[in-house]
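Biologist: Please take one part of this protein and look at it closely. I would like to follow the packing inside, and then see how the rest fits around that part.

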Amino acid sequence: MNKVFIRGKPLTLEGEIPQINQRAPYFVALDENFSSKTLDDFKGKIKIISSVPSLDTPVCSNETKKLSELIKKFPEKDYVFITISMDLPFAQKRWCGLSEVNNVITLSDFKEKSFGQNYGVLIKENGLLARCVFIIDKDNIIKYIQLVNEITNEPDYDDIEKNLREVK
């Protein structure tokens, strides 16, 4: 079983994190209108999926804003940037409006928990999602995974940018 930490305290991740070059697992999550979305809704696009514990925390908010800015460096790529959390859809929509972030699709995993379970990032102890970034190519093959071991830390943005440049 995989573990992450919060301020040094271990937390257990449910499920298994998929492997690079593996087909991305299926999931169903809710958009801001409580409509179900799956990986198939983003067919033919490069998917940058950032799972976070909650957008209403400073680290998650900073991460989503920084990734939103990073993605703007790639106007030539046919991509979609998704942030997924256990936040309710209306809370995610409110956060986007207040933060003036308009190039991110927020999805909520609170109902099915299928993203968290199928991607191995559901934290057993608190039911939130671990901080992890996945890059999935147009054919739904996972090309990059960055699991942040200490969830109070932000990811390595330079590494994400480097790997995003390599995905076609």
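Modeller: Take contacts between residues at least 6 apart in sequence: 67% of them join residues at least 24 apart. Keep in mind that this is a predicted model. Ile 142 gives a good example of such a long link. Ile 142 and Gln 22 are 120 residues apart in sequence, yet their C-alpha atoms are 5.7 Å apart in space.

Let us stay with Ile 142. It sits in strand S10, which covers residues 142-147. Is Ile 142 buried or exposed? Its relative accessibility is 0%, so Ile 142 counts as buried; the cut-off for buried is under 20%. Who are its partners? Leave out neighbours within four places in sequence. Ile 142 then contacts Pro 18, Gln 19, Ile 20, Asn 21 and Gln 22, along with Ala 24 and Pro 25. Its list also holds Ile 135 and Ile 136.

Now step across to Ile 136. With neighbours within four places again left aside, Ile 136 is in contact with Ala 24, Leu 39 and Tyr 119. Its contacts also include Lys 45, Ile 46, Lys 47 and Ile 49. Ile 141, Ile 142 and Lys 143 complete the list for Ile 136.

Ile 136 also leads us into the largest nonpolar core, which has 27 residues. The members that touch the most other members are Phe 27, Ile 49, Phe 115, Tyr 119, Val 121, Phe 134 and Ile 136. Four strands each give two or more residues to this core: S2 (9-14), S6 (79-85), S8 (122-123) and S9 (132-136). A second core, separate from this one, has 21 residues, among them Ile 48, Trp 95, Val 101 and Val 167. In soluble globular proteins, nonpolar side chains tend to be buried together.

Leu 30 is another buried residue to visit. It belongs to strand S3, residues 28-30. Its relative accessibility is 7%, so Leu 30 counts as buried. Leu 30 and Asp 87 are 57 residues apart in sequence, but 10 Å apart from C-alpha to C-alpha. Leave out residues up to four places away in sequence, and Leu 30 touches Ser 35, Ser 36, Pro 89 and Gln 92. It also touches Thr 106, Leu 107, Ser 108, Phe 110 and Lys 111.

Next, look at the loops. Most residues other than glycine have a negative phi. Phe 34 has a positive phi, near 65°. Phe 34 lies in the loop between S3 and strand S4 (36-38). It is partly exposed, with a relative accessible area of 41%. Arg 7 also has a positive phi, near 50°. Its loop runs between strand S1 (3-6) and S2. At 69% relative accessibility, Arg 7 counts as exposed.

Finally, step back to the whole protein. It has four helices and ten strands. From the N terminus on, the order is β-β-β-β-β-α-β-α-β-α-β-β-β-α. Buried residues make up 52% of the 168 residues. The radius of gyration is 14 Å, which agrees with the value near 15 Å for a compact globule of 168 residues. Along the principal axes, the C-alpha atoms fill a box of roughly 40 × 35 × 30 Å. The accessible surface comes to about 8,000 Å², and 49% of that belongs to carbon and sulfur atoms. As for charge, there are 24 positive and 25 negative charges, and their mean positions are 1 Å apart.

How values were computed. Residues numbered from 1 in each chain as written. Predicted model: local features only at pLDDT ≥ 70, side-chain atom pairs only at ≥ 80, totals over all residues. Heavy atoms only, no water. Core = buried A, V, L, I, M, F, W, Y, C linked by side-chain atoms within 4.5 Å. Buried < 20%, exposed > 50% of the residue type's maximum accessible area, 1.4 Å probe, protein only. Contact = heavy atoms within 4.5 Å. Rg over C-alpha atoms; globule rule 2.2 N^0.38 Å. Areas by Shrake-Rupley, 256 points an atom, 1.4 Å probe, with all protein chains shown as cover. Lys, Arg positive; Asp, Glu negative; His and termini not counted. Charge placed at Lys NZ, Arg CZ, Asp CG, Glu CD.
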